[in-house]
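Please open the structure in a viewer and keep the selection panel at hand. The tour below proceeds stop by stop, stating at each what to select and what is found there.

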Amino acid sequence: MLSDREIEASAKPQNIVKIGAKLGLGEEVLDTFGKLKAKIEPRLGSAPSANLILVTATNPTPYGEGKTTVTVGLSDGLARIGKRVCAALREPSLGPVFGIKGGATGGGYSQVTPSEDINLHFNGDFHAITSANNLIAAMLDNHIHHGNALNIDPARVVFKRCMDMNDRSLREIEIGLEKSNKFTRKDGFVITAASEIMAILCLATDLKNLKERVENIVVAYDKEGDLVRAKSLNCADAVCVLLKEAIKPNLVQTLEGTPVLIHGGPFANIAHGCNSVIATKTALNLADYVVTEAGFGAELGAQKFLDIKCRTAGLAPKCVVLVSTIRSLKYNGGCDKDGISQPNLDALKLGGENLKAHIENLKNFNQNVIVALNKF
């Protein structure tokens, strides 16, 4: 078996203009980034006959269950039998990429390409989100420094800075140490995928809606204990200017030339863990079958997908693919890492109970559930 890199290197990706044509997009509506990437204008009116398929998984393990791999493979399979299909995925964060968790483009022969570009800077969305988030933080501290007309309590500032990197030393910091400053306070950084800007960008439907969501962010409390929102800082217009390109979905392809929209990447443990509403709705407007995924396990990512994203956007999956592996079932059945590669029927049986619980959870949402055991 070749490595993922060797498999991708041996593939011959199509020009992104050809990929756009598969979705009925002419070259004139593609903002291309070289030959293999493009941004497209959002299209929010989904086709009535479009089928949304959600891919989720059993409880996460250190090995990964293969949600993205199955998402890509299922998309390629549908395309192979003649269906008009588009996958919709999240963008990877540099933190997990360099934290050795790996990228977010699948594996084996079920990959999205160009993986190196996607896993690193891609088309600049994460950088724009980082800048937009930190603009709010800077304007907030600047307001306090220059008179504090909003009577903000520096000890009750709740909006944190962010950067797209694992840097534990910045989680808790003290700012305002320069001599000219009038105050110091404790602050900290979150990773960009955990920022509120990331979460609301992926729930927004257009720039106007995004501006409303930005204005509504709670940034601090005043000295009377009342909420202070970003609207009071008059920063929303500037924030949206920084995000005017980042709000557009990114078009790439699988190794077999199936169109993929990759856009947004909120973490599932602190936000909704799905790609953007804009990308999903755009895909539903352009294709008959849209395969998407939700982060973490079904009891977290899929639940948030159904309770938050679907309710916000008026979406409804036609079915849910629940991914697991024999290795995952054994791990969730109590098998430790050292023995995970050995046969263990008792652990496998207990892991089956975990799988059953996920199926029941999804059926409580009235979902059609298909279990996919990912075989290596």
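Select Val157 first: its bridge partner is Ala220, in strand β12. The model in view is a predicted one. Next, select Ile152, which stands opposite Asp222 of β12. Strand β7 is joined to strand β12, residues 218-222, by two bridges, and the two strands run antiparallel.

**The three-stranded sheet**

Extend the selection to β13. Three bridges connect β12 with β13, again in antiparallel fashion. One position to display here is Tyr221, whose bridge partner in β13 is Leu227. Between β12 and β13 lie four residues, and the two strands form a hairpin. Within its turn, Gly225 has a positive phi of about 90°.

With these strands displayed together, the whole arrangement can be read: an open sheet of three strands in the order β7-β12-β13, with antiparallel pairing. Its edge strands are β7 (152-157) and β13 (227-229), each of which pairs on one side only. On average, neighbouring strands of this sheet are turned by 50° against each other, direction ignored.

Now add helix α6, residues 125-145. This helix packs on the sheet and touches β7 and β12. The direction of α6 makes about 135° with that of β7.

**The cavity**

Remain with α6 and turn to the enclosed space. The structure holds one cavity of 30 Å³ or more, and the largest cavity contains about 70 Å³ of space. To display its lining, select Glu91, Pro92, Leu94, Ile118, Leu120, His121, Phe122, Asp125, Phe126, His127 and Asp164. Which element supplies the largest share of this lining? Helix α6 does, with three residues. By character, the lining of the largest cavity divides into six nonpolar, two polar and three charged residues.

One of these lining residues, Phe122, merits a separate selection. Phe122 is placed in the loop between α5 and α6. Although Phe122 is not a glycine, its phi is positive, at about 45°.

**A cis peptide bond**

Select Thr113 and Pro114 next. The peptide bond that joins them is cis, with omega at about 5°. Pro114 is found in the loop between β6 (110-113) and α5 (115-119).

**The second largest pocket**

Proceed to the second largest pocket, in which about 310 Å³ of space lies. Its lining may be shown by selecting Lys160, Met163, Met165, Asn166, Asp167, Arg168, Leu170, Arg171, Phe189, Val190, Ile191 and Phe267. Strand β11 (residues 189-191) gives the largest share of this lining, three residues. The lining of this pocket comprises seven nonpolar residues, one polar residue and four charged residues.

**The aromatic pair**

The last stop concerns aromatic rings. How many aromatic pairs are counted? The count comes to one. Select Tyr63 and Tyr331 to see this edge-to-face pair, with 5.8 Å centre to centre and 90° between the planes. Tyr63 belongs to the loop between β3 (51-57) and α3 (67-80), whereas Tyr331 belongs to helix α12 (residues 326-332), so the pair ties together parts that are 268 residues apart in sequence.

Technical notes
Residues are numbered from 1 along each chain as its sequence is written. This is a predicted model: local features need pLDDT of at least 70, side-chain atom pairs count only at pLDDT 80 or more; totals for chains, interfaces and linings use all residues. Side-chain values use heavy atoms; hydrogens and water are left out. On a 1 Å grid over the protein atoms alone, a cavity is a set of points where a 1.4 Å probe fits but cannot get out, and a pocket is an open set with protein on both sides within 12 Å along at least five of seven lines; lining residues have an atom within 4 Å of a point. Grid points are joined across faces, edges and corners, and a volume is the space filled by probe spheres set on the points. Ala, Val, Leu, Ile, Met, Phe, Trp, Tyr, Cys and Pro count as nonpolar, Asp, Glu, Lys and Arg as charged, and the others, Gly among them, as polar. Two strands pair if DSSP finds at least two bridges between them. Axes are lines fitted to C-alpha atoms, for helices over the stretch in contact, and angles run from 0 to 180 degrees between N-to-C directions. Contact means heavy atoms within 4.5 Å. Rings of Phe, Tyr and Trp (its six-membered ring) pair if their centres lie within 6.5 Å; planes under 30 degrees apart count as stacked, over 60 as edge-to-face and the rest as tilted.
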